[in-house]
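Q: I'd like to learn how to read a structure like this one, feature by feature. Can we go through it together?

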Amino acid sequence: MIYTVTFNPALDYVVKADHFTLGAVNRADWEGIYCGGKGLNVSTVLAALELGSTALGFVAGFTGHEILERVKNLGFRSDFIQVEKGMSRINVKIKSQEETELNGMGPEITTEDLEILFHKLDRLSSGDVLILSGSIPKTIDDDIYERIMARLRGRGIRIVVDATKDLLINVLPYEPFLIKPNNHELGEIFHVTLTTIEEIIEYAKRLQEMGAQNVLISMAGDGAVLITDKKEVYRMGVPKGTVKNSVGAGDSMVAGFLAGYLENGNYEHALRLGSAAGSATAFTEGLASRDEIMKLYEELSKEGY
């Protein structure tokens, strides 16, 4: 089984306006509401690729109820914990001359709520996959990823971590199966500016030396690079298309990579499917469909990446 954890899921309210002016009344030309949160995005794209998963996390209030209702139609199982205080986030994403985001706070999660999550995670067994991704609410200590990985260590569970800065660095001693920073986040970790692919590969290998088994670096229009647990280095370009959306592209890459790897254990295939999934989401208004992903997968195959 595959499990995703989204500590701070949200309703993403996406609006478009020809011109957005701060301090003035603005009117939207288009609007949409989606379930947000990195783990939910991964589960959604896995479902599109016909791979089942169970989404775990916390919801609260009327927004949490709406998230639960919408998840029912996304093609995967959910087992969220409903907490009493606060409400699940509403994230406002304004697309105009530039993209502007205002993300909500999220609910208050207690020690008792966390214990319920831990008991659910205790059911995982050898061969299962767990994806920990995204930010955590302010009411949870920032060592939560470490605590989860320490609890599950030695049980044969492949753990994927898609996080930034200390959330990522602090889990490396627990040897996550996969981490996926982008090239800018990689530079921030080591306080350097990375300008060449050789530098990116060098610092990605440092993350591997610190404990990560596989390191996947996304580089936007420059494609992606993968350092495998066998010390192999794979590069993948990007297919042709117009970028319409930046939300969920990285999560789609994680989902595509996992779907590809779990299919046959081939890292090159996994990287190609992950790259196709990330690009397909970037080229659409929402998360990509299977048809959109496989079309770009075939394009990447033909171009010989």
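Q: Let's start with one residue: where is the place of Ser-275?
A: First, a word on the ground rules. This is a predicted model, where local features need pLDDT of at least 70 and side-chain atom pairs count only at pLDDT 80 or more, while totals for chains, interfaces and linings use all residues. Residues are numbered from 1 along each chain as its sequence is written, and side-chain values use heavy atoms, with hydrogens and water left out. Helices (H or I, at least four residues) and strands (E, at least two) are DSSP runs, numbered from the N terminus. Ser-275 sits in helix H9, residues 267–282.

Q: Is Ser-275 buried or exposed?
A: Buried means under 20% relative accessible area, exposed over 50%, and partly exposed in between (1.4 Å probe, protein chains only). Ser-275 has 3% relative accessibility, so it counts as buried.

Q: Which residues is Ser-275 in contact with, leaving aside its neighbours within four places in sequence?
A: Contact means heavy atoms within 4.5 Å. By that rule Ser-275 touches Ala-224, Met-236, Gly-237, Met-253 and Leu-300, once neighbours within four places in sequence are set aside. You can also look at C-alpha atoms: those of Ser-275 and Gly-256 are 7.4 Å apart in space, with their positions 19 residues apart in sequence.

Q: What does Thr-63 touch, not counting residues up to four places away in sequence?
A: Find Thr-63 in helix H2, residues 61–71. Thr-63 is buried, at a relative accessible area of 1%. Its contacts, without residues up to four places away, are Leu-11, Met-87, Ser-88 and Ile-90.

Q: Now the exposed side. Where is Lys-138, and how far is it from Ala-47 in space?
A: Lys-138 belongs to the loop between strand E9 (129–133) and H4. Its relative accessible area is 85%, so Lys-138 is exposed. From C-alpha to C-alpha, Lys-138 and Ala-47 are 30 Å apart, and 91 residues apart in sequence.
A: Lys-231 is another one to look up, in the loop between strand E13 (224–227) and strand E14 (233–236). With 59% relative accessibility, Lys-231 counts as exposed. Its C-alpha is separated by 21 Å from that of Ile-189, which is 42 residues away along the chain.

Q: What is the phi of Glu-50, and where is Glu-50 found?
A: Here you check the sign of phi and whether the residue is a glycine. Glu-50 is not a glycine, yet its phi is positive, near 65 degrees. Glu-50 is in the loop between helix H1 (38–48) and strand E4 (54–59), and it is exposed, with a relative accessible area of 61%.
A: His-191 can be read likewise: its phi is positive at about 60 degrees although it is not a glycine. His-191 lies in the loop between H6 and H7 and counts as exposed at 73% relative accessibility.

Q: How many aromatic pairs does a search of the whole structure find?
A: A pair of aromatic rings is described by the distance of the centres and the angle of the planes. Rings of Phe, Tyr and Trp (its six-membered ring) pair if their centres lie within 6.5 Å; planes under 30 degrees apart count as stacked, over 60 as edge-to-face and the rest as tilted. The search finds six pairs. One of them is Phe-7 with Tyr-145, tilted, with 6.0 Å from centre to centre and 35 degrees between the planes.

Q: Why does the pair of Phe-7 and Tyr-145 tie together parts that are 138 residues apart in sequence?
A: Look at where each ring lies. Phe-7 is in the loop between strand E1 (2–6) and strand E2 (10–16), and Tyr-145 is in helix H4 (residues 144–152), so the pair links parts 138 residues apart in sequence. Phe-7 and Tyr-145 are buried.
A: Phe-190 and Tyr-203 form a tilted pair too, at 5.2 Å centre to centre with 50 degrees between the planes. Phe-190 is in helix H6 (residues 183–190) and Tyr-203 in helix H7 (residues 197–209), so this pair joins parts 13 residues apart in sequence. Both of these residues, Phe-190 and Tyr-203, are buried.

Q: Which residues form one aromatic cluster?
A: Phe-177, Phe-257, Tyr-261 and Tyr-267 do.

Q: And the whole chain: how many helices and strands are there?
A: The protein chain has 10 helices and 14 strands. Of its 305 residues, 51% count as buried.
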